[in-house]
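Got your viewer open and a selection prompt ready? Here's a walk through the model, one pick at a time.

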Amino acid sequence: MPDNMTGPMAGKTVLVTGGTGGIGKATAAGLAALGARVGITGRDLARTRAAAADIAAATGNPAVDAFAADMSSQAEVRRLAREVLAAYPRLDVLVNNVGGFWSTRRVTPDGLEHTFAVNHLAGFLLTDLLLDRLKASAPARIVTVSSGAQRMGRMNFDDLQGERGYSGQRAYNQSKLANVLFTYELARRLEGSGVTATVLHPGVVRTGFAADDPSPVWKILLPLIRPLLKSPEKGAATSIYLASSPQVEGVTSKYFENCRPYRSSPASYDEATARRLWEISEVMTGLKTEALSNPEVI
Ligand SMILES: NC(=O)c1ccc[n+]([C@@H]2O[C@H](COP(=O)([O-])OP(=O)(O)OC[C@H]3O[C@@H](n4cnc5c(N)ncnc54)[C@H](OP(=O)(O)O)[C@@H]3O)[C@@H](O)[C@H]2O)c1
């Protein structure tokens, strides 16, 4: 389909993971309304196509594409990256938005704990696989959706997989801290490339979040506080801002809430932890199979 849109994002191509609902769909719609070609992802192709059609109808921008991949499977993340690279000769923005909360421990097809795999490793792997295309499209941006829960996060490298004890909240907090550590380490590695990496908390937003497998607390609390939560459109504002605003051109290695930079948790600034997480993630995603320089990292 030809790109003949006008608007500040005309001529730009954006990929938003998890664009079938919630914050991701509102982010994709906001960027499509600004004139970008937008790719969205979801697990089911028919549902993802229906969401893409909704976005196209709501924004008047026909350049909305659907990609299907279950990001709990690394083979599917790799296939998704191949499809995106084949479809998009340039990629200006990647929004790593997929994420969720699961109160019970699950294991992915790769044998990994599901929260860590979906919330951190999937975005880590997809970013790596799309990185050359983003660099070739520079100036480009990588925006990762974390959460205020990063403040409560602790990297438990002794039991990253929650094998010795799993709590949905602990696993979520850890994965959202991982999003921030990943972004800061990525920004260090991308210095001078023209590709920026930023991370954000969207606020507490009325979405399908945790609907799959909520904790007992969520089950009681959510219906009570639901009317007070942000709409998905408001929850998408910071993602859209970081993906598109000229005000943040060149801004990298920063954490945002409500379209403003904030300090993230003290733990997120620990460079040794970020490097260790990076190296472990490379091994867990099969990006590096050779012996680690420091076997202590695992
Ligand atoms: N909602 C909040 O209050 C809140 C607060 C802080 C942070 N966040 C963060 O915001 C991000 C978006 O959350 P949301 O509230 O918009 O959630 P949501 O309404 O549950 O939407 C999640 C999106 O991710 C997709 N998805 C879920 N699991 C997937 C998987 N295994 N593979 C591929 N896609 C998958 C879903 O698509 P399909 O179901 O169609 O596959 C959907 O498009 C997450 O990273 C979350 O941690 C949310």
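Start with the largest pocket of this predicted model, which holds about 1200 Å³ of space. Its lining runs to 50 residues, and for a handle on the centre you can pick G99, G100, T207, G208 and F209, which lie nearest to it. Now colour the elements that give two or more residues to that lining: helix 1, strand 2, helix 4 (114-136), helix 5 (168-189) and helix 6. The largest share, four residues, comes from helix 6. If you colour by residue type, you get 22 nonpolar, 20 polar and eight charged residues around this pocket.

Stay on G208 for a moment. Where does G208 sit along the chain? Look in the loop between strand 6 (195-201) and helix 6 (216-225). With a relative accessible area of 54%, G208 is exposed. Add G22 to the selection and draw a C-alpha to C-alpha distance: the two glycines are 6.3 Å apart in space, with their positions 186 residues apart in sequence.

Next, jump to the second largest pocket, with about 230 Å³ of space. Select N156, D159, R170, A171 and Q174, the closest to its centre among the 16 residues that line it. This lining divides into four nonpolar, eight polar and four charged residues.

Now for enclosed space. A search of the whole structure turns up three cavities of 30 Å³ or more. The largest cavity has about 100 Å³ of space, and 15 residues line it, with N96, V98, V118, N119 and G123 closest to the centre. Which element gives the most to this lining? Helix 4 does, with six residues, while strand 5 and helix 5 also supply at least two residues each. By type, the cavity lining has seven nonpolar residues, eight polar and no charged ones.

Time to look at the packing. Select V14, V16, L31, V38, I40, V95 and L242: in the largest nonpolar core, which has 29 residues, these touch the most other members. Elements that give two or more residues to this core are strand 1 (13-16), helix 1 (22-33), strand 2 (37-42), helix 2 (45-59), strand 4 (93-96), strand 5 (140-145) and helix 8 (237-244). Helix 1 gives the most, with five residues.

Zoom in on V16 and show its surroundings. Leaving aside neighbours within four places in sequence, V16 is in contact with G24, T27, A28, L31, V38, G39, I40, T41, V95 and N97. There is also a second, separate core of 27 residues, which includes A69, L131, F182 and L186.

Swing over to helix 8. Is helix 8 mostly covered or mostly open? It's mostly covered, with seven of its eight residues buried. To see them, select T238, S239, I240, Y241, L242, A243 and S244. The partners to display alongside are helix 1, strand 4, strand 5, strand 6 and strand 7 (254-257), against which the buried residues of helix 8 pack.

Last stop: charged pairs, with a count of twelve salt bridges. Pick R90 and D92, whose closest N and O atoms are 2.6 Å apart. The two ends sit in different settings: R90 is partly exposed at 35% relative accessible area, whereas D92 is buried at 1%.

Then move to helix 5 and select R189 and E185, a salt bridge with its closest N and O atoms 2.7 Å apart. Why does this pair line up along the helix? R189 and E185 are four residues apart in helix 5, so about one helical turn separates them. An α-helix has 3.6 residues a turn, so residues three or four places apart point the same way. R189 counts as partly exposed at 41% relative accessibility, while E185, at 5%, is buried.

Keep that pair on screen and add R188 and E271, which meet in a salt bridge at 3.8 Å, N to O. This one links distant parts of the chain: E271 is in helix 9 (residues 271-284) and R188 in helix 5, 83 residues apart. Both count as partly exposed, E271 at 42% relative accessibility and R188 at 28%. Leave E185, R188, R189 and E271 selected together, as salt bridges that share partners join these four into one network.

How values were computed
Residues numbered from 1 in each chain as written. Predicted model: local features only at pLDDT ≥ 70, side-chain atom pairs only at ≥ 80, totals over all residues. Heavy atoms only, no water. Core = buried A, V, L, I, M, F, W, Y, C linked by side-chain atoms within 4.5 Å. Buried < 20%, exposed > 50% of the residue type's maximum accessible area, 1.4 Å probe, protein only. Contact = heavy atoms within 4.5 Å. 1 Å grid on protein atoms, 1.4 Å probe; cavity = no way out; pocket = protein on both sides within 12 Å on 5 of 7 lines; lining within 4 Å. Points joined across faces, edges and corners; volume = space filled by probe spheres on them. Nonpolar A, V, L, I, M, F, W, Y, C, P; charged D, E, K, R; others polar. Salt bridge = Lys/Arg side-chain N within 4 Å of Asp/Glu carboxyl O.
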